[in-house]
Amino acid sequence: MKKKKVLNVTTSIVLGMGVLFTTPFTVGAVGEGPGYTGNESIQTSILHTHEEMVDFLQNQEAKQDVLELEVFGQSVKGRDLYLAKYETDPSNPSVLFLTQQHGNEALTTEGALDFIKQLGTGKMKGILDQVNVYVVPMFNADGAMGDVNFSLEDYVADGDRHLTRYNANHYDLNREHDKTTEDMQPEARALHENVFQKYDIDYMIDFHHQGRNSERDGKLVSGSILHPTTPNVDEEVLEGSKRLGAIVFDAIQSKGWGHLGKYRGGSSDNIGRNGIAARYDISTVLFEMRGMADHYYEPYVLGQKSNGYIIKQAVTTMEETVRAIADGSVETADTSFWDTLDYQQ
Ligand SMILES: [Zn+2]
């Protein structure tokens, strides 16, 4: 199908300590889901541990004919990184769903596991013959488990398990994507060498969580989306990204709980949305879900009563984009909404 670009990596800047999100937030808005108020307890025990996730995936692999698991690398602390593959025909278009580059952005992984479970129920029967699906859940496994070489004692969640944005070496894995692979952290290097450089991927959605208080049109958003904004992305790849984003927007905005804004994101190639699009000609969309599982900065943390619709938002996104890629409707999606969609505030 399409030809991959020859890698052209110029400078590689080592970003040791990543910066906080710069998303502005407003106080006092009335929204769809409750937020953390400082009184509600934040239980991380409802989230899959890495070990539980591996058990779940292996269980699903045993039940599902098409599903094949691959360990494509290890985290700094030696946790296996998993690629879940649904490959039916090499000539099919393909999509990769990547979750939890930031370890404290956890409901994206819960959504990915639900999605994998759904694929085993026959609900998407026939669709998987037309599209190859790849899922990398809990990419930052050490951050997700709070097994890191720095202190998390000021994080707000209750209990023994804290979740953090960074990998065990305190690197932000979503600021690695413009480096030569030799200079990358182990998780990013494995993803580039053993997934992006090995599989022919056409589309990618990179799932994250943002702060909980962003709004569009005076209403709290359930999430925000953005296509690549790097000057180094091929025009056709950018158009594909915008069309993929149109499928996501229509699928979510039509739901009662869905309300999306445009994410205000940078243009640097160290970010996955940009770097992966520029480097491998993969059409990418960033999807930022509302609120995080844990943080030292309280206004980013989402009350767990909102978990249900946020997980559903991830599952719906995965299902509807897979359908649109399978039936080819992603090829003709109307991208004009990008011109009128307001940035979240
Ligand atoms: Zn993130």
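**Exercise 1.** Which residues of E8 are buried on one side, and which on the other?

*Solution.* Work on the predicted model. Take the strand face by face. Gly223 and Ile225 lie on one side of E8. Ser224 and Leu226 lie on the other. Each of these four residues is buried, and both faces of the strand are covered. The general pattern fits: in a regular strand, side chains alternate between the two faces of the sheet.

**Exercise 2.** Place E8 in its sheet and describe its pairing on each side.

*Solution.* Start with the strand order. The open sheet of 8 strands runs E1-E2-E4-E3-E5-E10-E8-E9, with mixed pairing. Its edge strands are E1 (67-74) and E9 (260-262). The twist averages 20 degrees from one strand to the next. Now take the two partners of E8. E8 (residues 223-226) runs parallel to E9, joined by 3 bridges. With E10, E8 pairs in the antiparallel sense over 4 bridges.

**Exercise 3.** Trace the connection from E8 to E9 and say which strands H5 touches.

*Solution.* E8, H5 and E9 form a β-α-β unit, and the unit is right-handed. H5 (residues 235-253) packs on the sheet. Its contacts are with E5 (203-210), E8, E9 and E10 (283-290). The directions of H5 and E10 make about 35 degrees.

**Exercise 4.** Find the neighbours of isoleucine 225.

*Solution.* Begin with the strand partners. Isoleucine 225 stands opposite lysine 262 in E9 and phenylalanine 287 in E10. Next, list contacts beyond four places in sequence: they include Gly245, Val248, Phe249, Leu260 and Val285. Finally, turn to the core. The largest nonpolar core has 88 residues, and Ile225 is among the five that touch the most other members, with Val95, Phe97, Met204 and Val248.

Technical notes
Residues are numbered from 1 along each chain as its sequence is written. This is a predicted model: local features need pLDDT of at least 70, side-chain atom pairs count only at pLDDT 80 or more; totals for chains, interfaces and linings use all residues. Two strands pair if DSSP finds at least two bridges between them. Helices (H or I, at least four residues) and strands (E, at least two) are DSSP runs, numbered from the N terminus. Axes are lines fitted to C-alpha atoms, for helices over the stretch in contact, and angles run from 0 to 180 degrees between N-to-C directions. Two residues are in contact if their C-beta atoms, placed from the backbone, lie within 7 Å. A nonpolar core is a set of buried Ala, Val, Leu, Ile, Met, Phe, Trp, Tyr and Cys residues joined through C-beta atoms within 7 Å. A residue is buried if 20 or more other C-beta atoms lie within 10 Å of its own, exposed if 12 or fewer, and partly exposed in between; C-beta atoms are placed from the backbone. A crossover is right-handed if, with the strands pointing away from the viewer, the path from the first strand over the helix to the second runs clockwise.
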